[in-house]
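Thank you for making time for this. I would like to take you through one structure this morning, and I will pause on a few places where the details repay a careful look.

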Amino acid sequence: MGKHRAGPYILEFCRGRHCACPSPLLRERWESLVDLKLYNTLTKSKEVFEPINSEKVRIYSCGPTVYKNATIGNMRTNIFQDVLRRVLKYNGYKIKHAMNITDVGHLVSDGDEGEDKMLKSAREEHKSPMQIAEYYTKLFLDDLKDLNIETPEIICKATDHIKEMLEYVEKLVENGYAYETTNTVYFDVSKLDKYPILTNAEVENQKAGARVDIDPEKRNPYDFALWIKAPENHLMKWDSPWGPSYPGWHIECSAMGQKYLGEQFDIHTGGIDLIPTHHENEIAQSKGRCGKIPARYWMHGEYLLINGGKMSKSLGNVYLVKDIKEKGYEPVVYKLFSYSCHYRNKLNFTWEGMEAASKSLERLRNSYQINLNGSDELTKEDKEKLSKIEENFHEAINDDLNMPLAMSYVWEAAKFEKKNLEVAKLLEKFDTVLGIKIDKVNSEKEEIPEEIMQIVEQRKEARKNKDFAKSDELRDELIKRGYTVKDTKEEMIVEKC
Ligand code: AMP
Ligand code: ZN
């Protein structure tokens with residue numbers, strides 16, 4: 001670390017955790033402030049984050065299977081990952097973040113059964129798997145942009161990495177962790193010292209309740225497919241030592257993670273549903289290949305519920321970012337809505353909640369604009385209060401990305417009684433984590449009647465002529481008629497009260 005990154009008020013100097021700070025007192029304060037703690041599913045505890053290489057934090061996120069539209073549930077996971085990125089940057093880290101696009105091998109069951117999701121979708125939509133992948137990848141990336149989610153440095157497609165996946169599996173065979181059956185190359189979980197390790201259950205205990213396996217050639221019920229031999233008319237298949245075939249779902253993340261981030265990197269993220277299957281198996285693969293758990297911190301986001309229950313097509317409650325836009329909301333409203341809940345708790349989506357978040361966004365942006373032009377003097381005491389708000393915000397985000405708590409400090413700043421540019425700057429700084437475009441000027445939602453606009457124009461003229469008494473009189477007139485008026489640097493914003 002070692003960058004100038006705190007401020008505007010506190011700790012004007014560089015104080016990385018390992019930096020020789022000029023004052024032990026300041027260093028102590030800094031250390032208590034900047035300790036970034038993250039909940040690690042691997043150890044089931046909140047841990048102080050220590051990167052492998054303090055210059056650059058390496059993160060891998062399991063991306064979408066691009067066979068259908070991403071829902072706002074999927075987007076909740078992406079928002080959590082975005083907050084993680086932004087918090088790391090707030091703490092002065094540089095980031096190398098890889099996210100995969102699954103365009104082959106993810107079977108309908110999430111296990112080793114059923115049709116490939118891509119092929120099913122291609123059949124249903126009368127398109128080629130490639131067309132399906134291209135179409136839904138673009139929509140997914142558009143959604144990220146709409147939500148002001150930062151694009152990971154590396155976006156890698158499974159089908160572009162067949163060679164790396166094949167090499168990985170061959171190495172597993174060579175190391176004695178994989179075996180071939182009539183239809184499949186399986187990973188042998190009994191060769192590991194411990195499986196699973198993210199979940200508590202012992203394999204022996206799990207065996208009793210394990211689902212019935214359809215492949216009697218599997219040595220252990222929890223062995224999973226590394227490579228699958230393709231039936232004659234299978235659309236997506238590649239030459240391999242086992243004939244025309246295609247990769248299993250888990251191998252892509254192991255192969256691409258290793259290629260872009262190395263054998264061991266810092267953080268691996270995904271939705272909570274990935275813990276017992278995909279992530280457990282990624283760990284198994286990596287241990288079989290190089291004896292290492294691929295990431296030191298495993299972070300998982302909880303589910304989004306709709307009206308207290310699951311999002312499902314049959315209930316007609318599957319919402320997309322597109323639906324949010326069609327209801328007239330800017331997509332970042334959903335982002336702000338999601339900050340009402342910690343990423344490790346279930347969040348219940350309601351349109352009432354969205355309406356409240358929309359009003360909140362408007363108020364935050366108003367506050368920013370007012371402060372941008374504010375000329376209230378700040379006393380020493382005011383500055384100390386702002387400094388404390390900033391410190392509290394930093395502590396909240398560093399406490400395992402506690403966004404609900406962090407938002408309470410954002411509001412403290414937004415409602416600060418003195419209106420001053422420094423408050424706007426602080427809100428701007430907070431927005432590097434929130435990513436809600438706080439500096440955007442609120443748009444007028446309703447058509448303003450002609451006679452109101454005439455008064456607004458007269459007021460503009462009065463202000464131009466520096467006739468402030470007249471300007472105030474006209475503002476009172478607008479209020480009497482049910483309109484508020486805000487003066488920003490560039491424009492006069494008129495809104496219905
Ligand atoms: P799917 O498209 O269903 O395979 O989901 C892709 C990923 O998005 C899943 O692995 C989850 O991690 C995440 N996800 C799916 N549904 C939700 C949800 N309702 N809330 C949060 N994350 C979800
Ligand atoms: Zn993955």
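Let me begin with strand pairing, where W227 has P247, a residue of β9, as its bridge partner. The strands concerned are β8, which covers residues 224-229, and β9, and the two pair in the antiparallel sense over three bridges. Please keep in mind throughout that what is on the screen is a predicted model.

That pair belongs to an open sheet of four strands, whose order is β6-β7-β8-β9 and whose pairing is antiparallel. At the edges sit β6, residues 178-180, and β9, residues 245-247, each of which pairs on one side only. From one strand to the next, the twist averages 25°. Helix α5, made up of residues 162-174, lies across β6, β7, β8 and β9, and its direction is at about 120° to that of β8.

Stepping back for a moment, the protein as a whole has 16 helices and 15 strands. Of its 497 residues, 54% count as buried, and the surface it exposes comes to about 22,900 Å², with carbon and sulfur atoms supplying 49% of that area. If we take the contacts between residues at least 6 apart in sequence, 74% of them join residues at least 24 apart.

Now to the hairpin. Strand β1, residues 37-40, and strand β2, residues 45-48, pair in the antiparallel sense over four bridges, and the hairpin they form has four residues between the strands, with K44 in the turn showing a positive phi of about 55°.

Within that hairpin I would like to dwell on N40, which is found in strand β1 and has S45 of β2 as its bridge partner. Is N40 buried or exposed? Its relative accessible area is 1%, and since buried here means under 20%, N40 counts as buried. The side chain of N40 also makes a polar contact, at 3.3 Å, with the side chain of E47. Leaving aside residues up to four places away in sequence, N40 touches S45, E47, R296, Y297 and W298.

Those contacts bring us to the next strand, β11, which spans residues 295-301. Six of its seven residues are buried, so β11 is largely enclosed by the rest of the structure. Strand β10, residues 265-271, pairs with β11 in the parallel sense over six bridges, and one of the residues involved is G270, whose bridge partner in β11 is H300.

Finally, the ligand. Which residues surround ligand 1? They are K68, G73, N74, T77, K117, G271, D273, L274, E302, Y303, L304 and M311. Three backbone approaches deserve to be described one by one. A backbone N or O atom of G73 lies 3.0 Å from a nitrogen atom of ligand 1, while a backbone N or O atom of L304 lies 2.8 Å from a nitrogen atom of the ligand. An oxygen atom of ligand 1, for its part, is 3.2 Å from a polar backbone atom of G271. Taken alone, ligand 1 exposes 480 Å², and the protein buries 84% of that area.

To close, I would return to two places on the screen: N40, buried in strand β1, and ligand 1, with 84% of its area buried by the protein.

Conventions:
Residues numbered from 1 in each chain as written. Chains lettered and ligands numbered in written order. Predicted model: local features only at pLDDT ≥ 70, side-chain atom pairs only at ≥ 80, totals over all residues. Heavy atoms only, no water. Pairing = 2+ DSSP bridges. Axes fitted to C-alpha atoms, helices over the stretch in contact; angles between N-to-C directions. Contact = heavy atoms within 4.5 Å. Near = heavy atom within 4 Å. Polar contact = N/O pair within 3.5 Å; in protein donor to acceptor, adjacent residues only side chain to side chain. Areas by Shrake-Rupley, 256 points an atom, 1.4 Å probe, with all protein chains shown as cover. Buried < 20%, exposed > 50% of the residue type's maximum accessible area, 1.4 Å probe, protein only.
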